[in-house]
Structure formats: C-alpha cells, structure tokens
Amino acid sequence: MCYAIPGRIVDIKNNIAIVDYFGEKREVLNEFSDVQLNDYVYAQGGIIIQKIDESKALSTLKLWKKRFHELKKIDEKLTNYQEENSIDSDFKKIIRKAEKRIDLSKSEMLRLLRAKDKHELETLFRTANKIRKKTLENSSCVHGIIEFSNYCINNCAYCGIQKDNSSLERYRMSVDEIVKTADYAANSLGFKALVLQSGEDSFYTSDKMVDIIKKIKEKCRVLLFVSVGTKSLEDYRKMYDAGARGILLRFETSNQELYRKLHSTSASKSDFKKRINTLRYASKIGYLIATGSLIGIPGQTEEDILNDILLTKSLNADMYSFGPLIAHPKTNLSNAGLIDINNMLKVIAVSRIIDNTSKILVTTALETLDNENGRKKGLFAGANSLMINVTPRKFKRLYNLYPGRPDKDKEITQNISNTLKLLFSIGRAPTDLGI
Ligand code: 5AD
C-alpha cells in the first residue's frame, strides 16, 4: 500500500514497521537501519523509501489533512449506489457473494466476465469499485515510467518495436540520460515510484543496469521497478541487490498454445515457462510483482482471460497490468480488431473481485480505447493505479508499441496536472506523487 503522504511509525519490530496515516495503519517493510518509533517516513508499495524530518513531515501533513478527508467524502459519495432490480437473479447471487467476499467458483467468475447488458455491466463495475474502496480506501498509485530503449531482440507478433520492424527509428538512452530523467521525475516532479522499461535489449548488460539502478538510488528516494524482459535469474538478483524492488513483466497470455503462436519468431529467450519462472524467482527474492496479459488477442477466449487473472493472482502479483491489444500496422496482427472498452473494464472488475487487495492498473492502452474517459472508467471498475510517461519527448514518440498512444505528444507536466485533476474530481488520493 503506498502513501506518499508522510506516515508516522507507531510500531516497529525487526524490519517490519506499522505506519499511521491520519489514523489508517499500514504494515511496511523497513530497509533503513536508523528508523525508529515515532519517525516520519515515506513508504511505497509497502516499503519505506525515505525517512523525513519531523518539521517537514508536519507541514506536509497539515496541507494534506483537509484534502485527505475531503477526498474520502467524495469517494464515499461516488461509491454508494442503489442496486438495479432488473438483473438476472443468478447474476445477482454471484454479486452478493462477491460483496461478502466469499470465494467464487470458476463458473461464477466466468459468468461475471460474461456480463452482457447495461444493467449487469453497471452492477459488476460498481461492485468492484465498492470492494476497492472497502479494502484499499481511496489511495491511488501514480507511477512514472521511463522508456529508455526501443531496441528489441524479439519479434512478438503484436508489438510495434519488434526486431523486424525496420521502419522504426531506434534509440538508446545513455546511463546519464536515464539517471537525469529519473532525477527530474523524482526530485522535481515528485514521483515516489518509477519504472525503467525497454525492449529486450542486450546492450544494457547486467553491469550497466546495476550502474543505472545504483546511480538512481543514490540520487532519488524512489521505489524502482525494472521492466526489461526475460533477463537471466542472476541478472534479476544483481538488479535487486543494486536496489530495484519491483519487476513489471507480462506473461501476455496464459494459453500456451496462443503464446507460442504470438512468439513463434521471437528469440527463444522469450518462452512462456521462462517468463513464469522469472516472475516466480523474482517474487521469491523479494521483488514486488507487476504482471498480466493482453486482452483481445485473436483466438483468445473468456476462459483464457479468466485463467490470465487467476495466473496473475497465483504469481502473487502486487499489481495487475492488463491492457487491450491495439493493432500495429507493421506487425502480423495488423488486422486485429479493437475490443469494446467494456470487455477491458470487465477484466479489471473481475480481477478486483478475485483479488481484493492488489493494485490494479489502468494502462495507457485502455485510454486509447476511450481517450476522454478511459482512465476514469477503469478507476470506477475497481482499478486504483495509473502510470505517467516521463520519458523525454524526443524518445517517447519512438517507443511505438502500438499506435494512438494518447500521451505521446503532451508535456509531462500537462499529463500530471490532468491526472491529478481527474483523481481529485473522483475523490482519490494520488498517494505516489509528493504533491
Ligand atoms: N497493443 C497493446 N499492448 C502492447 N504491448 C506490446 N504491443 C502492444 C500492442 N500492439 C504491450 C505488451 C508488453 C508491454 C510492454 O506492451 O503486453 O508486455
């Protein structure tokens, strides 16, 4: 759970501390040797990332106090609802079970994923939103993402930065550029969690990644995720030791047959079992796991999607990352149709019902489906996390995974202020940004 509102340590035993935020208490992992009872800290993703002095903490808390309670009130108002009477009674029964947080059977989960008419959809989304509020309150994470290279050794059938896309201008950010970008994001823009993402690019050896991570950790008090594909387990160990604490790696689909088809011309390194092993290993050594799949792959069934959600849960995901496939003209899947946004929202809602406490991301690709309201709809269907692209503009336009990325031409500061406006308007606390 992340609150970039300063919290006070009210209990500490070994490396586990309890942090208090205006009366709400969270358990966090402490990696600092000098943190004591009553100290003020920033925590992210359940990990203390910075100790702060009392006077600074108290002045920030003063600013937050009024707003914190105001936002909660707005969230409360928007989450309460009258139930529709006109829905199917079996559907209603499953919803009741979900509300009481009783485990659902697979066929019940599937029935939710197959919600059809407007009434069923609304009931499903609102139930998921209610569960989000009950278990996670109004806290929303806003992570920054730095896309530092668009070189890739793979040829994933859906991806615009695949090796064989010869029409794409390629770039690699230097170590210095990456560290400067992180420094700006953390120390000028206020991000408390950053994701370093690239294609699978062997130019960035583990030594280079270690160097980048160490330099960022020296300058920035942030929770750092790496999203660099299937490197070796040893590489992930080294990146963890250097200070990375999260991994973002989608398994793309849990249907291995489909996976093989999508990756048939990729380097052997990207095979399904290797991805899953990487995630399991990363979890074992302490990384926070962010994973998920693509929705709308030709041939993908609703059972496949349910299995994707269940696999994500079984991988101990701290963050669910599901997004729609958006056809890229230079790929084999250039003809894949765009899915209906409701199908994406159903995945978010069912994920929330199956996993009440994890973070669920609204991906930028969902915004591509509905530029104006995509994020808002996702946040009202059980999601509670967003990412803002902080890649320098000249590179951002070249990180062309799929066409129509809504953030590609906007200034970062504009994206941040739009995001904050959205979150405040619906009563969510943007607890990753120190603003
Ligand atoms: N549409 C949507 N998402 C895509 N990704 C790659 N290509 C596309 C596309 N055409 C996603 C993959 C990958 C992540 C970095 O971007 O799921 O894991």
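## Exercises: strands, a core and a ligand

Let's warm up with a fold motif: strand β7, helix α6 (residues 206–219) and strand β8 together make a right-handed β-α-β unit. Keep in mind that you are looking at a predicted model.

### Exercise 1: Follow the chain past β8

Find out through which helix the chain crosses from β8 to β9, and give the handedness of this crossover.

**Solution.**
Step 1. Start at β8 and follow the chain into helix α7 (residues 233–242), which leads on to β9.
Step 2. Check the handedness: this β-α-β crossover is right-handed.
Step 3. Now look at the pairing on either side. Strand β7 (residues 193–198) and β8 pair in the parallel sense over five bridges, and A193 stands opposite L223 in β8.
Step 4. β8 also pairs with strand β9 (residues 246–248), again in the parallel sense, over two bridges. There, F225 has G246 of β9 as its bridge partner.

### Exercise 2: Is β8 tucked away?

Work out how many of the five residues of β8 are buried, and which residues sit on each side.

**Solution.**
Step 1. Recall the cut-off: buried means under 20% relative accessible area.
Step 2. Go through residues 223–227: five of the five are buried, so strand β8 is largely enclosed by the rest of the structure.
Step 3. Sort them by face. L223, F225 and S227 are on one side, L224 and V226 are on the other, and all are buried.
Step 4. Move just along the chain to T230, which is in the loop between β8 and α7. With a relative accessible area of 3%, T230 is buried.
Step 5. For a sense of distance, pick I102: it is 128 residues from T230 along the chain, and the two C-alpha atoms are separated by 36 Å.

### Exercise 3: Explore the core

Find which residues touch the most other members of the largest nonpolar core, and which helix gives this core its largest share.

**Solution.**
Step 1. The core has 148 residues, and I216 and Y287 touch the most other members.
Step 2. Helix α11 (residues 341–354) supplies the largest share, nine residues.
Step 3. Zoom in on Y287. Leaving out residues up to four places away in sequence, Y287 touches a list of residues including V226, Y236, M239, Y240 and I247.
Step 4. Here's the background: in soluble globular proteins, nonpolar side chains tend to be buried together.

### Exercise 4: Meet the ligand

Name residues around the ligand, then give the distances for the polar contacts with R250, E252 and I326.

**Solution.**
Step 1. List the surroundings: Y158, C159, Q197, R250, E252, L294, P324, L325, I326, L401 and Y402.
Step 2. Take R250: an N or O atom in its side chain is 2.7 Å from an oxygen atom of the ligand.
Step 3. Next comes E252, where a polar side-chain atom lies 2.6 Å from an oxygen atom of the ligand.
Step 4. With I326 it is the backbone that counts: a polar backbone atom of I326 is 2.8 Å from a nitrogen atom of the ligand.

### Exercise 5: A hairpin

Describe how β4 is joined to β5, and say how many residues lie between the two strands.

**Solution.**
Step 1. Strand β4 (residues 40–44) and strand β5 (residues 47–52) run antiparallel and are joined by five bridges. A43 stands opposite I48 in β5.
Step 2. The two strands form a hairpin with two residues between them, and G45 in the turn has a positive phi of about 50 degrees.
Step 3. Check the cover on β4: Y40, Y42 and Q44 on one side, and V41 and A43 on the other, are all buried.

### Exercise 6: Positive phi, and a hidden threonine

Decide whether N14 and N38 are buried, partly exposed or exposed, and do the same for T123.

**Solution.**
Step 1. Most residues other than glycine have a negative phi.
Step 2. N14 has a positive phi near 50 degrees. It lies in the loop between β1 and β2, and at 76% relative accessibility N14 counts as exposed.
Step 3. N38 has a positive phi too, near 75 degrees. It lies in the loop between β3 and β4, and at 43% N38 counts as partly exposed.
Step 4. T123 is found in helix α4 (residues 118–136) and, at 2% relative accessibility, counts as buried. A polar atom of the T123 side chain lies 2.7 Å from the backbone oxygen of H119.

Terms used. Residues are numbered from 1 along each chain as its sequence is written. This is a predicted model: local features need pLDDT of at least 70, side-chain atom pairs count only at pLDDT 80 or more; totals for chains, interfaces and linings use all residues. Side-chain values use heavy atoms; hydrogens and water are left out. Buried means under 20% relative accessible area, exposed over 50%, partly exposed in between (1.4 Å probe, protein chains only). Helices (H or I, at least four residues) and strands (E, at least two) are DSSP runs, numbered from the N terminus. Two strands pair if DSSP finds at least two bridges between them. A crossover is right-handed if, with the strands pointing away from the viewer, the path from the first strand over the helix to the second runs clockwise. A nonpolar core is a set of buried Ala, Val, Leu, Ile, Met, Phe, Trp, Tyr and Cys residues joined through side-chain atoms within 4.5 Å. Contact means heavy atoms within 4.5 Å. A polar contact is a pair of N or O atoms within 3.5 Å; within protein, one must be able to donate a hydrogen and the other to accept it, and residues adjacent in sequence count only if both atoms are side-chain atoms.
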